[in-house]
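Trainee: Could you take me through how to read this model, beginning with the overall fold and ending with one strand and its partners?

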Amino acid sequence: MKLKSIVLSLTAMVMSVVPFSVSQAQDMEQFFPALVYRTGPYAAGGSGFFGGFEDYLALLNLRDGGINGVKMVWEECETAYNSDRGVECYERLKNQGEHGATVVHPLSTGITYRLIERATADKIPVISMGYGRTDATNGKVFPWIFPLITNYWSQNTAKIKYIGMQEGGMGNLQGKKIANLHHESSYGKETIPVLNVQAEKYGFEVKHYPVAHPGLDQKAAWLDIARRYKPDYVILRGWGVMNPTALKEAARVGYPADKIVGVWWSGAEEDVIPAGKAAVGYVAAGFHPSGSDFPVIAEMLDIVHGAGQGNISPQRVGTIYYNRGVVAGIVTTEAIRIAQEKYGTKVLSGEEMRWGLENLSISAERIKELGADGLMAPLTVTCADHEGGGPVKFSRWDGSKWVEVTDWIETDKSIVDPMIMDSSMAYAAEKGITPRAGMSMGSDCG
Amino acid sequence: MFYREVGQYKSSYPADQAIFPLTNDRIGVILILLIAYIWPPLSGSQYLMGPILTQLLVFGLAALGLNLLTGYAGQVSLGTGGFMAVGAFGCYNLVLRLPEIPLVIDFILAGLMAAAVGVIFGIPSLRIKGFYLAVATLASQFFLLWIFDHVGWFTNYDPAGVASAPTQTLFGSLAHEGGPLDFLAPIDVIVSGPNATPEAKYILTLSVVVVLALLAKNLVRGMTGRAWMAIRDFDIAAEIIGIRPLRTKLLAFAISSFYCGVAGALYVFTYVGNADTEAFDLIRSFTILFMIIIGGLGSIMGSFLGAAFIVLLPPFLNIVASNLGEGTLSGAALANLELIVYGGTIVFFLAVEPLGFARMWQIIKEKLRQWPFPY
């Protein structure tokens, strides 16, 4: 008897645990997989981003009853920023919901690379907003990948422009030295080619310093930077715990924080607060500011957190990572709205969602309507240009908050576009992909 | 009960020396293989075939490779990730540059490359043992990954250093329509790249792993395996009875690296589809070492049991947490609870049976033989 009851209860447990496909006909539900990471050295980014993203979807559900009556639903899967688990999570969640996953936000350049071919075969759009494979911007070769708003190479041109502004003009970059301290991963290595091209164009010298995962060991790199190489600027291309460590090491060897320029994955509150005083004066890029003064963020606190349905602790609402998640939510749901205009109010499939993303256009008025004025710049995506060409803003950490030091800085397409073309065509040749019709960037793909 | 050897008499040496001397075992293994070949493709679940079973087989094979070296020959190694990377990038370049070679031959060639590299990094084992050797093998981990990171040729100059598996058929491009071997074209299925079906990838992985596991089983029962175990148990005594340490240790490194190399190639071609050096970092080497410690040192089956534990427990806990924990705890609490349970289970199993799952399985078998009066 005892054995039998154990077997029965075990069976019941396994049955309740086996993932089952949700098939509720009464409610229209648009399903999102959330490849979140709330553990490990990069947890601050994963929990903040998906906190904002899920809160925004919850806001639409609570305030408007979804998008035209279609509810937003999601399921989390913990990846711990591990590529293998990212693939596992993607495979687990991709077939849930009426038409499977709507879009995937991998929130990891490594996982994005793992998913590019899988998602292309499965016809599920991948939004790698501000990360991922840069040359996937060419939508003719990568029809299902959307590095929206601004990709890594574009960001990098804005960063060199910012450094040029500090030096009083791009001409003054001649002979300057820049150290690129990067995370040793596909994410970290992504900007090496574009930096080399820009170094040649503007006549500055660049030296790349890789830092092994998770980035706690930087003593040798910083000693070399501060004592031997003595660069005019250091680009910090870190992630997670690597960022505060870098700032602390810089302070230890006496390298001034205001000569360190961070990328947007090195520019959150969680990156500077642990470094304490060492971070004061440090400047980082961003495609959106932090702060909770925006009406949409205030509503989030009121409606979502007010109803006790927040997906993150209320103290973190309005931080950089949270706001990035909100921007991701806006971009994703605006694409759903546009696709619904064409295909009708229903649960969209991956292909319909891709049409929505390729025809995504968010004007300044629309941003104001959404209560996100100043939170993001206007954006227009086409089938050839999967980026949308967003500008970049720089903020300085004053010890308690991020203070914007520049207006929106436009990226330099003249450098990035030919590189994207070369790189993506090389990929197409290796993989035997025939690009969609109309070869120049910006033209229609039919 | 059903596991009883009464009445099974052996009348010849081959019968007595069979891999599975008991008929019950033989039937069990054949049944398991039949289920493994038939059930997942029939179920049609990509999730089951891909991230669950293929991943299990790939890491089981890598763990088996390390187990040959560490469990049987007694040489501790932390270079597993590096050897997997050699196999992975070696196979990638072979397929990319010589598409005429059938994929299975590529796997063997990639394994041989890894074996050659393994022999070079096995040389320190002649002078040092134990933890010191583990530290020396770390060199391979860092050196090999550095090479793959910094020499662009290995990843075909991909800007992010990602090697992504080209589409390749089972028999290579010679067997395509119009090629010299085009009589093979009807069964020349695509087995790698985004257009390969999960079924094809799974069956190929399973077949490679079954063949290699069978080879390993025979290897460790024979002269080579006995020499390894002699070296492991007392190297000076082994040398005195005529086992040459140089040859034996280097052979262990070569064969172990061969298995790891094939596992690396399978990782890229039939499991994930692409890889950069992050996939083969030091953490990977440690994870595979944990697999054989938990599964059982010196056991073929233990390698797979350990791999199953390490690979499948986290997603299983995650599914349990997300299904049962809906609306009870916050996502952050559930994610951390998963880690706590995972760590706790490892401690529990090692405390209950320090020799690993393989020993547990052995005890269960002993008890079953004496059923219904086990002692």
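Mentor: This is a predicted model, and a useful place to begin is the range of its contacts: in chain A, 70% of the contacts with a separation of 6 or more are between residues 24 or more positions apart. The secondary structure of chain A comes to 15 helices and 13 strands, and 56% of its 446 residues count as buried.

Trainee: Which radius of gyration does chain A have, and what would a compact globule of 446 residues have?

Mentor: A compact globule with 446 residues would have a radius of gyration near 22 Å, and chain A agrees with this because its own value is 22 Å. Along the principal axes, the C-alpha atoms of chain A fill a box of roughly 75 × 60 × 45 Å.

Trainee: Which domains does the assignment give for chain A?

Mentor: The assignment gives domain 1, made of 28-151 + 291-391 + 420-431, and domain 2, made of 153-289 + 396-413. The C-alpha centres of these two domains of chain A lie 26 Å apart, and the contact takes 28 residues from domain 1 and 26 residues from domain 2. On the domain 1 side, the elements of chain A that give two or more residues are α2 (43-64), α4 and α12 (320-343), with α12(A) giving the most, five residues. By class, that side has 13 nonpolar, 13 polar and two charged residues.

Trainee: How many residues of chain A are in contact with chain B, and how do they divide by class?

Mentor: There are 35 residues of chain A in contact with 34 residues of chain B, and those on the chain A side divide into eight nonpolar, eleven polar and 16 charged.

Trainee: Turning to a single strand, is β7(A) enclosed or open, and how should I read its two faces?

Mentor: In a regular strand the side chains alternate between the two faces of the sheet. In β7 (residues 233-237) of chain A, five of the five residues are buried, so the strand is largely enclosed by the rest of the structure. Tyr233(A), Ile235(A) and Arg237(A) are buried on one side, and Val234(A) and Leu236(A) are buried on the other.

Trainee: Which strands pair with β7(A)?

Mentor: Strand β5 (residues 177-183) of chain A pairs with β7(A) in the parallel sense over five bridges, and Ala179(A) has Val234(A) as its bridge partner there. β7(A) also pairs in the parallel sense with β8 (residues 260-262) of chain A, over three bridges, where the partner of Leu236(A) is Gly262(A). From β7(A) the chain crosses through helix α9 (residues 242-253) of chain A to β8(A), and this β-α-β crossover is right-handed.

Methods. Residues are numbered from 1 along each chain as its sequence is written. Chains are lettered from A and ligands numbered from 1 in the order in which they are written. This is a predicted model: local features need pLDDT of at least 70, side-chain atom pairs count only at pLDDT 80 or more; totals for chains, interfaces and linings use all residues. Two residues are in contact if their C-beta atoms, placed from the backbone, lie within 7 Å. Ala, Val, Leu, Ile, Met, Phe, Trp, Tyr, Cys and Pro count as nonpolar, Asp, Glu, Lys and Arg as charged, and the others, Gly among them, as polar. Domain bounds come from an automatic or database domain assignment. Helices (H or I, at least four residues) and strands (E, at least two) are DSSP runs, numbered from the N terminus. The radius of gyration is taken over C-alpha atoms; the globule rule is 2.2 Å times the number of residues to the power 0.38. A residue is buried if 20 or more other C-beta atoms lie within 10 Å of its own, exposed if 12 or fewer, and partly exposed in between; C-beta atoms are placed from the backbone. Two strands pair if DSSP finds at least two bridges between them. A crossover is right-handed if, with the strands pointing away from the viewer, the path from the first strand over the helix to the second runs clockwise.
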